[in-house]
Amino acid sequence: MDTHSARAYIGIDPGASGAAALLFPGSAGRQLHCWRFSPALTPAGALLAITELLPENAPVEAVLEKVSAFPGQGLASTFKFGCAFGECACALAALRIPYRLVTPGTWQRPLRAEGLAPRSSQGTAQHKRQLKAIALRRYPNHPITLANADAILLADYAAAQN
């Protein structure tokens, strides 16, 4: 199946150092594309790039991670994080891409069967490494990093829900 007939799923890990992933699970080799957010590529810019890969009238669904501030997180970083989340939501709305908000606990729950431990039991760094390892097992032919693993697994979660 090519991308012209495939349903597309977008996973978005918001934040200044977040990422977006576009997944065509029905295509040969489960076609996957990733964009890491940076000062040169904002969340809105990444989502615009995604729309350029979507066939006209392609069915698409996005999952945006519903996040909140962390205990001990500084005010400036919390504000930047919230702005990036808002930019993602606004860009999705402006581009008319339907999306759902999903908490980390919800999209990560099915990954416990693959050995993912709760972040509270191991710390953020180890948790991120486990997410990367799961993404590498699921998509061994794609460049998986700590920066894009969450977005990839969010897109994978959206596909699994359908």
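1. Strand 1 and strand 2 run antiparallel, with five bridges joining them. Keep in mind that this is a predicted model. Two of the pairs are worth clicking on: Tyr 9 has Leu 23 as its bridge partner in strand 2, and Ile 12 stands opposite Ala 20 in strand 2. As a general reminder, strands of a sheet pair through backbone hydrogen bonds, in either a parallel or an antiparallel way.

2. On its other pairing, strand 1 (8-13) goes with strand 4 (60-65). Here the two strands run parallel, again joined by five bridges. If you want a spot to look at, Ile 10 stands opposite Ala 62 in strand 4.

3. Strand 2 (residues 19-24) also pairs with strand 3, in the antiparallel sense and over six bridges. Leu 23 stands opposite Leu 32 in strand 3, while Ala 21 faces Cys 34 of that strand. Leu 23 therefore turns up twice in this note, since Tyr 9 is paired with Leu 23 as well.

4. Now the whole sheet. What is the order of the five strands? The sheet is open and reads 3-2-1-4-5, with mixed pairing. Its edges are strand 3 (31-36) and strand 5 (99-102), each of which pairs on one side only. From one strand to the next the twist averages 15°.

5. How many residues of strand 1 are buried? Six of the six are, so strand 1 is largely enclosed by the rest of the structure. In a regular strand, side chains alternate between the two faces of the sheet. For strand 1, both faces are covered: Ala 8, Ile 10 and Ile 12 are buried on one side, and Tyr 9, Gly 11 and Asp 13 are buried on the other. Asp 13 is the one I'd pull up on screen, given that it sits in that buried list.

6. Strand 2 is mostly covered too, with six of its six residues buried. One side carries Ala 19, Ala 21 and Leu 23, the other Ala 20, Leu 22 and Phe 24, and both faces are covered.

7. Some of the cover comes into view with the helices. Helix 2 (residues 75-94) lies across strand 1, strand 4 and strand 5, and runs at about 165° to strand 4. Helix 5 (residues 149-161) lies across strand 1, strand 2, strand 3, strand 4 and strand 5, at about 140° to strand 1.

8. Ala 21 is a handy residue for checking this part of the model. Ala 21 lies in strand 2, and with 0% relative accessibility it counts as buried, because the cut-off is under 20%. Which residues does Ala 21 touch, leaving aside neighbours within four places in sequence? The contacts are Tyr 9, Ile 10, Gly 11, Leu 32, His 33, Cys 34, Ala 151, Ile 152 and Ala 155. Further along the chain, Leu 47 is 26 residues from Ala 21 in sequence, with 9.3 Å between their C-alpha atoms.

9. Leu 47 leads to the helix pair. Helix 1 (residues 43-53) and helix 2 have axes that come within 8 Å and cross at roughly 30°. That angle makes helix 1 roughly parallel to helix 2. The crossing is right-handed. Helix 1 makes the contact through Pro 43, Ala 44 and Leu 47, and helix 2 through Ala 84, Glu 87, Cys 88, Ala 91 and Leu 92. By type, the residues of this contact divide into seven nonpolar, no polar and one charged.

10. Last, the stretch leading into helix 1. Where is Leu 41? Leu 41 lies in the loop between strand 3 and helix 1. Is Leu 41 buried or partly exposed? At 23% relative accessibility, Leu 41 counts as partly exposed, since buried means under 20%. Setting aside neighbours within four places in sequence, Leu 41 is in contact with Trp 35, Arg 36 and Ala 46. Leu 41 and Ala 19 are 22 residues apart along the chain, and their C-alpha atoms are separated by 9.9 Å.

Definitions and conventions: Residues numbered from 1 in each chain as written. Predicted model: local features only at pLDDT ≥ 70, side-chain atom pairs only at ≥ 80, totals over all residues. Heavy atoms only, no water. Pairing = 2+ DSSP bridges. Helix = DSSP H or I, 4+ residues; strand = E, 2+ residues; numbered from the N terminus. Axes fitted to C-alpha atoms, helices over the stretch in contact; angles between N-to-C directions. Contact = heavy atoms within 4.5 Å. Buried < 20%, exposed > 50% of the residue type's maximum accessible area, 1.4 Å probe, protein only. Parallel < 35°, antiparallel > 145°, perpendicular 65-115°, else oblique. Left-handed = near helix turned anticlockwise from the far one by under 90°. Nonpolar A, V, L, I, M, F, W, Y, C, P; charged D, E, K, R; others polar.
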